[in-house]
Amino acid sequence: MIKRIVTIQDISCFGRCSLTVALPILSAMGLETAVIPTAVLSTHTGGFKGYTFHDLTEDIPKIAEHWNSINLEFDGIYTGYLGSKQQVEIVADFFDAFKKENTKIIVDPVMGDAGKLYAGFTPEFAREMRKLCSKADIIVPNMTEVSYLLDEPYTEHYDKEYIRNTLRRLTALGCPVAVITGVRYGDGMHGAVAYDSRTDSFCEAFLPHLESQMHGTGDVFSSVLSGAAVKGASLQKSIEAAVCFTVSSINETVPEKDKYFYGVCFEPKLGELAETAKSFGC
Ligand code: PXL
């Protein structure tokens, strides 16, 4: 049976992030993908001026109510960029209403990058996001989001031990599995490290670092990870697939990165991803 996932995040109409990334990636991976758009923006907020923002918070409980009335069930729920504290609370209610025994919840606590919060985010929002993370099966923060979730200073200087210790403290928030993205130990490699507190085991996936700052790479990574995890791939296979696809999409973008300043050119790689995802089961 084809697996069904719902992804809850904004739709930035132009700019390759959130839903315009998650929907094609999850579909290519062979999942039936439902969406709840939390807001409609003309573009994302990183690097554009004058973007529109239409909030859809009020629609979320109505969509949930309708879905409940027709007994919809999901194998996975994946959340990304959420625009307000209230929205995070409503999404937490959605988890309570739709989490069944085998539903995997993946929370990407999108809040910032490179040590800074994205436009409009506050430490207060981060406290609410911490509560949402406690309800997840897997959380996928980068180091900036880690610092806000754990209320610690942001650092780019760390070693393996620090990352392992941080992962343990992230799972202490209440989610069994944590994945830190964008990990760099200064050895020219770039990747992700994951920890499963139920088995007290770590796994990692690294590839050579590519010198480029691109928007939406976190959304690409989390979408692949969510698709793989919901299809039943191991944590190791899931992070490997996410790192590989993100890096090959960045590689695809590098030659024309000025043209694609607004996001990564992942589309040419969707065919390969679909092939990889076949080995993850249905
Ligand atoms: O890529 C994360 C993201 C998602 N959605 C919106 C954003 C951002 C990052 O800036 O602005 C609207």
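Okay, let's start with serine 18, which is buried, with a relative accessible area of just 1%. Keep in mind that what we're looking at is a predicted model. Where does serine 18 sit? It's found in helix α1. There's something to spot in its backbone too: the phi of serine 18 is near 40°, a positive value in a residue other than glycine.

Serine 18 has company in that respect. Arginine 16 also isn't a glycine, and arginine 16 has a positive phi of about 45°. You'll find arginine 16 in the loop between β1, residues 4–14, and α1. Is arginine 16 buried or exposed? Its relative accessibility is 14%, so it counts as buried, because the cut-off for buried is under 20%.

Let's stay on α1 for a moment. This helix covers residues 18–28, and serine 27 is in it. Serine 27 is partly exposed, with a relative accessible area of 40%. What does the side chain of serine 27 reach? It goes to the backbone oxygen of leucine 23, at 2.9 Å. Now look for alanine 274 on your screen. Serine 27 and alanine 274 are 247 residues apart along the chain, and yet their C-alpha atoms are separated by 8.7 Å.

Now, the ligand. Serine 18 comes back here, as one of the residues that surround the ligand. Others around the ligand include Asp10, Ser12, Cys17, Thr45, Tyr118, His215 and Asp219. If you sort the whole shell by class, you get five nonpolar, five polar and two charged residues.

Which atoms pair up? Let's take three cases. In the side chain of aspartate 10, an N or O atom is 2.8 Å from a nitrogen atom of the ligand. For threonine 45, an N or O atom of the side chain is 2.7 Å from an oxygen atom of the ligand. And histidine 215 has a polar side-chain atom that lies 3.4 Å from an oxygen atom of the ligand. How much of the ligand does the protein bury? Taken alone, the ligand exposes 320 Å², and the protein buries 99% of that.

Next, let's do a little check on a helix, α6, which runs over residues 160–171. What span should we expect for α6? Its 12 residues, at 1.5 Å a residue, should span 16 Å. The C-alpha atoms at its ends are 17 Å apart, which agrees. Which residues of α6 are buried? Those are Ile163, Thr166, Leu167, Leu170 and Thr171. They cover an arc of only 135° around the axis, so they're on the same side of α6.

Two more stops. Isoleucine 250 is in helix α8, residues 235–253. At 13% relative accessibility, isoleucine 250 counts as buried. Its C-alpha is 7.0 Å from the C-alpha of cysteine 265, with the two positions 15 residues apart in sequence.

The other stop is on a strand. Aspartate 196 is in β10, which covers residues 189–196. Is aspartate 196 buried or exposed? It's buried, with a relative accessible area of 12%. And if you measure across to aspartate 137 in the model, C-alpha to C-alpha, you get 9.9 Å, although these two aspartates are 59 residues apart in sequence.

That's my tour, so have a go at finding these residues yourselves.

Definitions and conventions: Residues numbered from 1 in each chain as written. Predicted model: local features only at pLDDT ≥ 70, side-chain atom pairs only at ≥ 80, totals over all residues. Heavy atoms only, no water. Near = heavy atom within 4 Å. Polar contact = N/O pair within 3.5 Å; in protein donor to acceptor, adjacent residues only side chain to side chain. Areas by Shrake-Rupley, 256 points an atom, 1.4 Å probe, with all protein chains shown as cover. Nonpolar A, V, L, I, M, F, W, Y, C, P; charged D, E, K, R; others polar. Helix = DSSP H or I, 4+ residues; strand = E, 2+ residues; numbered from the N terminus. Expected span 1.5 Å × (residues − 1). Buried < 20%, exposed > 50% of the residue type's maximum accessible area, 1.4 Å probe, protein only. Arc of directions from axis to C-beta.
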